[in-house]
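Okay, thanks everyone, I'll keep this short. Have the model up on your screens while I talk, and stop me if something looks off.

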Amino acid sequence: MNELPQQLVNGLLLGSMYGLVAIGYTMVYGIVQLINFAHGEIFMLGGFGAITVYLYVLPDGTTMWVALPLMLLGGIIVAVLAAVGAERLAYRPLRSAPRLAPLITAIGLSLALQQAVWAWYPEAKESINFPQIEGGPFEIGNVTIQTGDIFLLIAAPISMAVLAYFVMKTRTGRGMQATAQDPDTAKLMGINTDRIIVIAFALGAAFAAVGAVAYGLKYGQVQFRMGFILGLKAFTAAVLGGIGNIYGAMLGGVVLGLAEALSTAYIADIPGMAQFGSQSWADVWAFVLLILVLLFRPQGLLGERVADRA
Amino acid sequence: MRQRSLIAITAALAAGALTLTACGSRDEGNGGSDAGSGTTVVIGVDAPLTGDLSAMGLGIKNSADLAAKTANKEKYVDGITFKIEALDDQAQPSSGQQNAVTFVAKKDILGAVGPLNSSVAESMQKVFDDAKLVQVSPANTGPTLTQGADWQTKKVRPYKSYFRTATTDAIQGPFAAQYLYNDAKKKKVFVIDDKKTYGAGLAATFTTEFKKLGGEVVGTEHINPETKDFSAVATKVKNSGADVVYYGGEYPQSGPLTKQIKAAGAKVPVVGGDGMYDPEYINLGGSASTGDYATSVGAPVEELPSAKDFVADYKAAGYKEPYSAYGGYSYDSTWAIIEAVKKVVEDNDGKLPDDARAKITEAMQNVSFDGVTGKVAFDEYGDTTNKQLTVYQVEGGEWKAVKSGTYSG
C-alpha cells in the first residue's frame, strides 16, 4: 500500500502545530527583535488553562461540543495573561538593555514557569489526560484522519486567516507593521508602540493556546514539559520560514513537519542510509534542512523584510 | 548582521537550555526513617523521583524506606539503626553519577539501592566500586552491567560491588519472544526501540530469539524519547503487515506509541518489557492499550505468599505513591544490604568494623534469604539466582498476569 499520502498528512498536521506556535516567536521578534524563549511555556500554560477549565470549572461529563470552545477560551485567557505579564515584568524593564539580557531573562522565565506548574498544579507531576472528541477516525482513500486532528485541520487555516486580516486590514495591525519597520518613526507618527508590543505578545500567546489545545486533542495528554521541545521546534520553524514573517512561520512549520514525517518514512529506503532513517534521526534531518535553507537563503524562506533591516 | 548573530547566540543558548533542564530540582525530601540510639547505618537510594519515570522511582524509594523501618522495628541488627537517604537521578546518567559521588563522600552510607535505569547504573558502577561501596539495583536489566560488554561470548564481571535483584534482558527478551511465537501465535513482528541501553538491549535479545523460533521481523524503528509524535512510525507499522509490535523502552513513550499505532489503524498488540509494566502505561495509552503485553521480572508480587506482608505493611505505612513494578525488588535489595550489615556486625563482635564498606560488599556475595519476590541470592556475576518471569496483559484497564515461568534457553 502506498503510504505517501498518509505521511504527507502526518507531516502537515505536525507542521501546522509548529506553525501555530511559531507565529508567536515571529511576531514578537518582528516587532521588538526579542526571541521570546518562554513562548514554549506560554504554549504549555495554554494547555493547562484549557485542562483547568475542563477539570475544575465545567461539570463532569460535559459534552465536548460545549466544553471545547470554553476550554479554548480558558487556554487563550491563561496564555495571554501570562504573556502580557511576562512582557510587563520581564521584558519591558530590559527594553533598552543589550540584546542578550532579555534573551537570558526569557530562558530563566521559561524554566521558572515550567517549575511553577510542576510544583503547584495539582496533577502536573505526571501527564494529565486531555479529554477527547468522540467518534472517528475518518478514512479518505487510504488516508486516516483522527478525530482529534480535525480541530487542528480547521483551526490552523482559520487562525492564519484571522491573523492576516488583523495585520493587513485593521488600524492596530497596520500600527504593528509600522512599528516592525521602524519603532522610532512609528512613535513619532503617534503610534503607541508600548501598546503594539503588548498586542503582539497577546496575539502570539492566543495562537500558542490554540496550538496547545490541538496538542492535547492530538496526543491525549498535557504535561509541564510539553512546551520545551515544541517551543524549540516552533522557533526553528520561525527561522526556517523567515523570522518576522507571519506567513513564513506557518510555511516553516509545515516544511519542518513534512521533513520529520518524510525522513522517518523514506530515508531508510535510500541504499546505504538504513541506519540514518529511523524516527530518532528525524530531528537531525530537520536541522540539516534548516542549515541548507539558511546557507542559501540566510533570511529564511519568506523573510525579506527582516533582511533589509539588518 | 546583528540579527543573524543574535540567532546564532540564541541557538547556542537553546542548546545550553536543553542540558539545563536535565538538572532542575532534585532531592525531594528524604524518606524519614527513625533514627534511634546506637550506630546509624545509612542506605542511599538513587531513583528517578521526578519526571516521567517517577511513578517507578517513588515506588523504589518508599519500598526501601519500608525495609529500613521494618528492620528497625524488629531490631533485626543489634545496636544498628537503618536510615534511608534518597537522591533523585531524573533518569539521567549524569545525575546518577553525581549522586553516586555524593553517597561515596558520606562516611555513614554503607550501601546503595538503585538505580532504575541501566543507563544510569553504567555511570555509577565505577564510582561505587572504587569506594568499595555495595550497590544493589532492584530494576536494572541490562546484561552488560554484570557480565561485561561481550556477555554473549565471554562473560566477565566488571565490578565486584554491583548486585541486582532483577533478572536480565538476556532472559526477558527471549522469554517474550517464546511467549509471542509459541503461545500467542504471532509470526510477524515490527520491532521499535528508544536506542537507550535498556530499550535497545531488550529489543536485540528479543529479535534474536524471535528469528531463531522462525518468526519474521517485518520492520524496525528507533524512536526519539523526547518527542510525542509517532504518527510517521505508526503509519509504517500499519503498512508493514505486522501482527505484533515489540517495543524496547519505557512507558512514557510506549503509552502514546500504542495509542498512535492503534489510531493509525494497526489493530495489533504492542509488547514490551518491565519498563512498560506500570499502571501509568494504561493511563497514557487509554483504551488503545487493551490487549497489549509486557513481561516483568519475577512472579506477580500480589500472588506470592512471601509478598503478603509486604503489600499489607506498605499499605499500613501510608505512602502516597503505589509500590509500582519494582517495590518488591527494592525491598529485597534493601534487605540484602541489611543482611550483609548483620553478618559483618556479628562477625565483628557486635559493632561495625573500620573497613565496613569493603566487608559489607564481600558479605553481599553470600547473602541468602527468603524475600518478598522469592529466594534472594546472587551468582558469581552479582545477578539474582531467581530467574522467574511473568507475562502480563492489559485487560479492563489493569495488568493481569497471563503466564509465569522461567526461561529455558
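So, A:Glu87 and A:Arg92: these two form a salt bridge, and their closest N and O atoms sit 3.2 Å apart. Bear in mind this is a predicted model, so these numbers are computed from predicted coordinates. Is A:Glu87 buried or exposed? It counts as buried, because its relative accessibility is just 1%. A:Arg92 comes out at 21%, so that one goes down as partly exposed. The cut-off for buried is under 20%, if you're wondering about that label.

Next pair, over in chain B. B:Arg164 and B:Asp383 have side chains that meet in a salt bridge, with 2.6 Å from N to O. Now, where do those two come from? B:Arg164 is in strand E5 of chain B, while B:Asp383 sits in the loop between strand E12 (374-377) and strand E13 (388-395), so this bridge ties together parts that are 219 residues apart in sequence. And both B:Arg164 and B:Asp383 are buried.

Then there's B:Lys196 with B:Glu250, another side-chain salt bridge, at 3.3 Å from N to O. This pair also links distant parts of the chain, 54 residues apart. B:Lys196 is in the loop between strand E6 (188-193) and helix H7 (197-213) of chain B, and B:Glu250 is in the loop between strand E8 (244-248) and H9 of chain B. For burial, B:Lys196 is partly exposed at 28% relative accessibility, whereas B:Glu250 is buried at 8%.

Back to where I started for a second: salt bridges with shared partners join A:Glu87, A:Arg92, A:Arg95 and A:Asp194 into one network. How many salt bridges are there over all chains? Searching the whole structure gives 21.

Okay, the interface. On the chain B side, 46 residues are in contact with 50 residues of chain A. Together the two chains bury about 4,300 Å², and 57% of that is on carbon and sulfur atoms. The salt-bridge count between chain B and chain A is two. One of them is A:Lys218 with B:Asp229, where the side chains meet at 3.8 Å, N to O. For polar contacts across the interface, we get 18 residue pairs, with both residues at pLDDT 80 or more.

Which elements give two or more residues to the side of chain B that touches chain A? They are helix H1 (2-20), helix H2 (54-73), strand E7 (216-222), helix H8 (231-240), helix H9 (251-263) and helix H10 (279-285), all of chain B. H1(B) gives the most, with twelve residues.

From the chain A side, take a look at A:Thr144. You'll find A:Thr144 in strand E3 (residues 143-145) of chain A, and at 5% relative accessibility it counts as buried. Leaving out residues up to four places away in sequence, A:Thr144 touches A:Gln6, A:Pro137, A:Phe138 and A:Glu139, plus B:Lys238, B:Ala263 and B:Ala264. So there are contacts to both chains in that list.

Sticking with chain A, there's A:Val293, in helix H11 (residues 282-296). A:Val293 is buried as well, with a relative accessible area of 15%. What does A:Val293 touch, not counting residues up to four places away in sequence? That would be A:Leu240, A:Pro298 and A:Leu301. And if you want a spacing to check on your screen, A:Val293 and A:Met189 are 37 Å apart, C-alpha to C-alpha, with their positions 104 residues apart in sequence.

Last bit, a sheet in chain B. This is an open sheet of five strands in the order E2-E1-E3-E4-E5, with parallel pairing. Strands E2 (80-88) and E5 (162-164) stand at the edges with a single partner strand each, so one side of each has no neighbour in the sheet. From one strand to the next, the twist averages 25 degrees. Remember that E5 of chain B is where B:Arg164 from that second salt bridge lies.

Further in, strand E3 (residues 109-113) and strand E4 (residues 134-137) of chain B pair in the parallel sense over three bridges. In E4(B), B:Val136 is the bridge partner of B:Val113. And lying across E1 (39-47), E3, E4 and E5 of chain B is helix H4 (residues 118-130), which runs at about 160 degrees to E4(B).

That's my tour, happy to take questions.

Definitions and conventions: Residues numbered from 1 in each chain as written. Chains lettered and ligands numbered in written order. Predicted model: local features only at pLDDT ≥ 70, side-chain atom pairs only at ≥ 80, totals over all residues. Heavy atoms only, no water. Helix = DSSP H or I, 4+ residues; strand = E, 2+ residues; numbered from the N terminus. Buried < 20%, exposed > 50% of the residue type's maximum accessible area, 1.4 Å probe, protein only. Contact = heavy atoms within 4.5 Å. Pairing = 2+ DSSP bridges. Axes fitted to C-alpha atoms, helices over the stretch in contact; angles between N-to-C directions. Buried area = accessible area lost by both parts, 1.4 Å probe. Salt bridge = Lys/Arg side-chain N within 4 Å of Asp/Glu carboxyl O. Polar contact = N/O pair within 3.5 Å; in protein donor to acceptor, adjacent residues only side chain to side chain.
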